[in-house]
Every structure is written in structure tokens, then in C-alpha cells.
There are 2 protein chains.
Amino acid sequence: MSDKQGMLIVVSGFSGVGKGTVVQLVFESLPNIQFSISCTTRKPRSGEENGVNYFFLSEEEFEQKIANDEFVEYTKTFTNYYGTLKSEIDKPLKQGVDVLLELNVVGARRIKEMYPDSVTVFITPPSIAALKARLIGRGSETQDSIERRLREIENESKDIEKYDYCVTNNIARTCADEIVNIIRSEHLKVSRQNLKNLFNE
Amino acid sequence: MSDKQGMLIVVSGFSGVGKGTVVQLVFESLPNIQFSISCTTRKPRSGEENGVNYFFLSEEEFEQKIANDEFVEYTKTFTNYYGTLKSEIDKPLKQGVDVLLELNVVGARRIKEMYPDSVTVFITPPSIAALKARLIGRGSETQDSIERRLREIENESKDIEKYDYCVTNNIARTCADEIVNIIRSEHLKVSRQNLKNLFNE
């Protein structure tokens, strides 16, 4: 146990695909996985708590952490910073605890570069056409915002082939079970096991 | 479906580890997988049927098939030939059907060389020391045969690290479920999926 590193799992998916629900169900099945809390400069939405959903930072605080090289990855999207603290990942991994990150395609690519052993999973909807139609149809967003999201879907689509796994969120429970199976199977990889234990009994 | 190849799964394990039972349970969970029947020159044991457990061939027949380049791999162990026919693998794979092979470490290595996309799984006992003790203790074999099997275990152990996955057969049902999960997860790999289907709806 002690000389076994934890596994890093990165989950991405299109906006509106239901990532949050799926990830929540994964945690219910695998309660020992640690969810890495991201930092952001955006304002908390109703019900969101600092240190639970995000670490909510001011722009000055965020930029100070950039200067201190505290992030393993960060991005600035439109108006806000988002980033993952090294401390949120490296400590649990060293203790043999698996860590799950929810990241966009840019963040996922950075993590894969820095942690080649990480497992990356992309969640797609059963139909991309339906996802686009829903976006356009829900009427809660400006034309600008809709067009930006559609462009995002186009851009992110090109990156799916760089992921290790791709799962479809048709039924959230089924999709979560597939991710749970992926995590369990990855732990059975010879490259992740300490085979010496088998022989030193 | 039609432009998706089947997956080749190779299962190996020490003699006496209970491979047969585990593989049987895998087939019960995944009845669509095809078991590739091997050829052998050894005599059928009681209850074994030609074309079910093995294709039982004479040495002449086997060597004729070698000459005709009909085998994807074959080995001669002590007194008998064992081999896998190309036709047993390539036809179902092309039809999109998964194929499972039970092979020793030499055969598994050959398959992995020829089919780099194949998934190789090694089944270990919970304790190698206990497996050895059982071999020595069961009294049904000559000293020569026991020593040969112990050497086999030593030799095969060195090859475990070349496998993709290593599973422990503590409870056969649990071990079989782990292999079923591995097969299902492997199918979710981006490299095995036809992502074009996602966009051409």
C-alpha cells in the first residue's frame, strides 16, 4: 500500500452534458476517491460554498498563486480564472489516494502532459445534435452566449480523440458505473500494481 | 458496428490457478464472446470433445498445418503440440466479435506481437507460496513432474510484467467479474471507438 501511488482521473465533457451528476454518482460508488477542488475568480452561485465547490479567490489572490507557481494548470476563460493547485493533487496521490478532477479539454491536456499515468475520460451526450438543439432552445441565454457554447462544442469535439476513454451519458447511473469500472480496471493494470508483493509473502 | 473490429483477449495463468472456471464464468457474463478453440496433439481426456475443448490432431496433421502457415502461434511443450489457428481468430474479429484465447506465456507473447491491440490478462493465485505447497502436497504427480511445474511457475512469473492486466483468483466469481469489467472498459477506450458515429447522426 505505502509504495503505491494514487491514480489521477480527469473527467471532461461538453457543457450541459450532466457531468456534475455523473461525477457525484461516481463518488457515491467510490467514496475513497478525493475530489480535487479547483480555484476560481468567478463569484459563488447560490448554494456554492468556499472550499466545497471551489476555492473562491480574488483576481489578486489568484495571480499571486500563479506567481508562486502553485498551480499544476490554470486557464482564463473569457472573464474568470480557473486553476488546479498542485497541493490538491500531489499530497493525496503520494498517500495512495485516487484523485478526480473535472476539467475542460485545455486543463485535461495539461494534466496528461504533466501526469502521463493519469486516466482521462470524456463524457459525451447520446446525441450531439440534441445537445445543440437544447442549448439553442432553452431560451435562457443571449445569442452571443449560445454561439460561444456551440463553438466550444465544435472545438472540444476535436480533442476527444486525445482522451483515454469516451463514455456516453444516456442514463447517469449507467454512465457513472462505466467510469467506476474504468477506474477499477485501471488499478488492475500490471503497470499500476506492485507485483513484488505477490512473491514476497 | 460493421466498421468496428472485435477485440482479442488473451488469458494466461499458472497451472492449477483455476483459469478454466474463471474463463467459464466470463463467458456466462459475456455470452457473445467467442472462445477460440486450440489445436493439440495430446490425447483427449475423459469428457473432452473434439471441436469443443480442442481440435485433437495427429502429429502429422498438426505439422501439415504448420507447413501451410495456418497457425497464428504454436508451441511444442515436452511431448505435445499446441496451436491457435488464424481462422479461429481473424474471421470473428473481422465480424466485430470479441475472441478470448487461453494461452501460456509464450503463446500470449506471440499474440501480443502480432495483434498489438489485444488485451492480455494474467491470473495469479492469492498466494504463490500456497500454490507451490499445494502442487507438492497433492501427491498425484512424480517428483520430476512437480519440479517441472515449479520451474514453470518461476519462468512464467518473470513474464507477468509483460501483460496488460493482472487479476487475483481468490473467489472465482469476483475474478471473472474483474475480467468482464476489463473487457467492458477496454471497449470504452477512445482508440477502440468509432467517434465519427457521434457526429454523423
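1. Let's start with A:Ser157, a residue of helix α6 in chain A. In this predicted model, A:Ser157 has a relative accessible area of 14% and is buried, since the cut-off for that label is under 20%. Once neighbours within four places in sequence are set aside, its contacts are A:Phe14 and B:Phe199. One of these partners, B:Phe199, belongs to chain B, so you may like to view both chains together here.2. The same helix borders a cavity. Two cavities reach the size threshold, the count being 2 cavities of 30 Å³ or more. The second largest cavity has a volume of about 30 Å³, and α6(A) gives the most to its lining, with 4 residues. Around this space stand A:Phe14, A:Ser15, A:Leu135, A:Arg149, A:Glu152, A:Ile153 and A:Glu156. By class, that lining holds 3 nonpolar, 1 polar and 3 charged residues.

3. What lines the largest cavity? Its walls are formed by A:Ser15, A:Gly16, A:Leu131, A:Arg134, A:Leu135 and A:Arg138. The space in the largest cavity is about 40 Å³, and its lining is made up of 2 nonpolar, 2 polar and 2 charged residues. A:Ser15 and A:Leu135 appear in the linings of both cavities.

4. Now to helix α4 of chain A, residues 105-114, where A:Val105, A:Gly107, A:Ala108 and A:Ile111 are buried. These buried residues line one face of the helix, because they fall within an arc of 155 degrees when seen down the axis of α4(A). Several elements of chain A pack against them: the strands β1 (8-13), β5 (71-77), β7 (99-102) and β8 (119-124), along with the helices α3 (86-94) and α6 (143-159).

5. Helix α5 of chain B (residues 128-137) makes a good companion case, with B:Ile128, B:Leu131 and B:Leu135 as its buried residues. They sit on the same side of α5(B), because they cover an arc of only 55 degrees around the axis. As a general point, an α-helix has 3.6 residues a turn, so residues three or four places apart point the same way. The cover over the buried residues of α5(B) includes α8 (196-199) of chain A and α6 (143-159) of chain B.

6. Both ends of α5(B) deserve a look. At its start, a side-chain oxygen of B:Ser127 comes to within 3.3 Å of the backbone nitrogen of B:Ala129. After the helix comes B:Gly139, with a positive phi near 70 degrees.

7. Is A:Glu186 buried or exposed? This residue of helix α7 (residues 172-187) in chain A is buried, at a relative accessible area of 3%. The side chains of A:Glu186 and A:Lys189 are joined by a polar contact of 3.0 Å. Not counting residues up to four places away in sequence, A:Glu186 also touches A:Met7, A:Val119, A:Tyr165 and A:Arg192.

8. Last comes A:Glu70, in the loop between α2 (59-67) and β5 of chain A. A:Glu70 counts as partly exposed, with 28% relative accessibility. Its side chain makes a polar contact of 3.1 Å with the side chain of A:Asn68. Beyond four places in sequence, A:Glu70 touches A:Lys65, A:Thr84, A:Leu85 and A:Lys86. For A:Glu70 and A:Lys86, the C-alpha to C-alpha distance is 5.9 Å, at a separation of 16 residues in sequence.

Note on methods: Residues are numbered from 1 along each chain as its sequence is written. Chains are lettered from A and ligands numbered from 1 in the order in which they are written. This is a predicted model: local features need pLDDT of at least 70, side-chain atom pairs count only at pLDDT 80 or more; totals for chains, interfaces and linings use all residues. Side-chain values use heavy atoms; hydrogens and water are left out. Buried means under 20% relative accessible area, exposed over 50%, partly exposed in between (1.4 Å probe, protein chains only). Helices (H or I, at least four residues) and strands (E, at least two) are DSSP runs, numbered from the N terminus. The arc is that of the directions from the helix axis to the C-beta atoms. Contact means heavy atoms within 4.5 Å. On a 1 Å grid over the protein atoms alone, a cavity is a set of points where a 1.4 Å probe fits but cannot get out, and a pocket is an open set with protein on both sides within 12 Å along at least five of seven lines; lining residues have an atom within 4 Å of a point. Grid points are joined across faces, edges and corners, and a volume is the space filled by probe spheres set on the points. Ala, Val, Leu, Ile, Met, Phe, Trp, Tyr, Cys and Pro count as nonpolar, Asp, Glu, Lys and Arg as charged, and the others, Gly among them, as polar. A polar contact is a pair of N or O atoms within 3.5 Å; within protein, one must be able to donate a hydrogen and the other to accept it, and residues adjacent in sequence count only if both atoms are side-chain atoms.
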